[in-house]
Amino acid sequence: MNRSHKKLPIAVLGAGPAGLAAAWSLAQSGVPVIVIEREDAVGGLCRTLSWNGYGFDLGGHRFLTDNQEILSWIRNLMSDRLVERPRFSQIVNRDRWYDYPPQWADALRQGGPLFLARAGMSYMFHGLKRSWRGDKEVSFEDWVIARFGRPLYDLYFREYSEKLWGMKGSLISSRWAAQRVTVPSLARVIREMLPGKDNHPKTYASRFYYPVGGIGQICEALAKDIRNAGGNILLSSKAIQIDTQGDRVLSVWVQGPEKPYRLDLAGCVSTLPLPHFIRSLSPSPSDASLQAATRLSFRGLRFLFLSLNCAPLTPNTWIYVPEKRILFGRIQETAHWEPSLAPKGTSGLVLEIPCTSGDKIWNADSSKILDRCLSDLRSIGMDIGPHLLEVHDYREPESYPIYHLDYEKDVEVCLDSLRGFNNLITTGRQGLFRYNNMDHSLDMGRRAAAFIQGEMSRQNALRVACDEHSFE
């Protein structure tokens, strides 16, 4: 870091896991740091909201990692508040319940001999077709069908992916499948069906770490340490413009509860959504990067948090619901995540409804969304009407970066426009437009702090969650 800027703070834009990890690392090193967060609480997507004794995460976030340094850090941070929990999830599809992650042998057995024959023939046909024609796996649909055939794609992936992303699988990058589909091919499925074989993919974790009180407790603990070390966290404040000159970021304009004001900076770590950040730079970057930014978009989620005065309805932590006739795509039952999230003998449900900011579902009246969801729950055998105590409706506009075809080219153009600034780095899920896990975000933040302090190259700082084996 330039000595002439030593007394100026580093601004960290966004108080999600990546931003807080960066700020924590900087504060622990004695670097002045200011975190700027638009919401009224820290945590970003890893936040826990509470009402009348019930706690709800913004979607379920399990803490799992192969990075022993990150694991030791979070264990020390949380002490005895980080507990190990069992994981059990299922898929409900057309009145049938399947294990999740998908146990392909289970699917084939439930489908019967005809389904097994169709799946096998489709797998062989597409395998031969790929060999003869040399077809490239460009899309999510290409990738899955090449490895499993169309029947299994239709059963497990087609409707769910279309509901989640709001587009056909043929328009989603194969990169998504390569990262998130754990079983490599139907050949493996057949081997799994043989006597004595373990049906679980090697990457499947049957247990996970989770904090007492909800996933947001990790971010709250980071924020407490940041403040104790002299760092400042500005809530309900939004970075609206980043001033640059030559190869440096000079300042950030902040819109707080009152009029905008300027903060002079020694450097900046941004976890803001990449396309928004590109557009906030002043002077504006190249036309190519601005055009690439317009092609990068996010899928939002609308959450219904339901407090229930009854025992847990299922044994599941998560239930996946692929059918497009059902409004929500996933159900989280809070009592199975951590007992303190619901009063003893009761439970809560989190319904995740995929949508896009400003669309019909996003704008729908809360009462209509609730009525639809209660009806959909009844249709899958979960009649909660008599037990419903409270309902809270929450919208999150930028939950998932959309991996459209060739999205990586647009991301690279945007990132390339930022490489010339030697005191700036963008990181995190939104900042890198990379759908990663929580442990990755924490690692990203620490590396971003190391880059800002001149202790790590930009290339190494960004080298997180880039490989297929990085994902569970």
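F208 is buried in this predicted model, with a relative accessible area of just 1%. Its ring has a partner in W337, which is buried too, at 0% relative accessible area. Taken over the whole structure, aromatic pairs add up to 21. For F208 and W337, the ring centres sit 5.3 Å apart and the planes meet at 55°, so this pair goes down as tilted; an edge-to-face label would need an angle over 60 degrees. The two residues come from distant parts of the chain, with their positions 129 residues apart. F208 belongs to strand β8, which covers residues 207–211, while W337 sits in the loop that runs between β17 (330–333) and β18 (347–355).

Another pair brings together Y403 and Y407, and here the rings are stacked. Their centres lie 4.2 Å from each other, and the angle between the planes is 15°. Both tyrosines are buried. They also turn up in a wider group: Y403 and Y407 share one aromatic cluster with W165, W176, F298, Y400, F433 and Y435.

Aromatic rings also meet charged side chains. In one case, the charged end of R330 is placed over the ring of W318, at 4.1 Å from the ring centre. In another, R446 lies over the face of W73, and the distance to the ring centre is 4.6 Å.

What about the cysteines? A disulfide is a covalent bond that joins the sulfur atoms of two cysteines. The count of disulfides here comes to 0, going by a cut-off of 2.5 Å between the sulfur atoms. Among the cysteines, C310 has a relative accessible area of 11%, so it counts as buried, the limit being under 20%. C355 is buried as well, with a relative accessibility of 0%.

Out on the surface, V138, L171 and L405 come together as a nonpolar patch. Together these residues offer about 230 Å² of accessible area. L405 is located in the loop between β19 (388–401) and α13 (407–416). With a relative accessibility of 31%, L405 is classed as partly exposed, and that value also fits the patch requirement of over 30%.

Note on methods:
Residues numbered from 1 in each chain as written. Predicted model: local features only at pLDDT ≥ 70, side-chain atom pairs only at ≥ 80, totals over all residues. Heavy atoms only, no water. Phe/Tyr/Trp six-rings, centres within 6.5 Å; stacked < 30°, edge-to-face > 60°. Helix = DSSP H or I, 4+ residues; strand = E, 2+ residues; numbered from the N terminus. Buried < 20%, exposed > 50% of the residue type's maximum accessible area, 1.4 Å probe, protein only. Lys NZ or Arg CZ within 6 Å of the ring centre and 35° of its normal. Patch = residues over 30% accessible without salt bridge, like charges linked within 9 Å, V, L, I, M, F, W, Y side chains within 5 Å. Areas by Shrake-Rupley, 256 points an atom, 1.4 Å probe, with all protein chains shown as cover. Salt bridge = Lys/Arg side-chain N within 4 Å of Asp/Glu carboxyl O.
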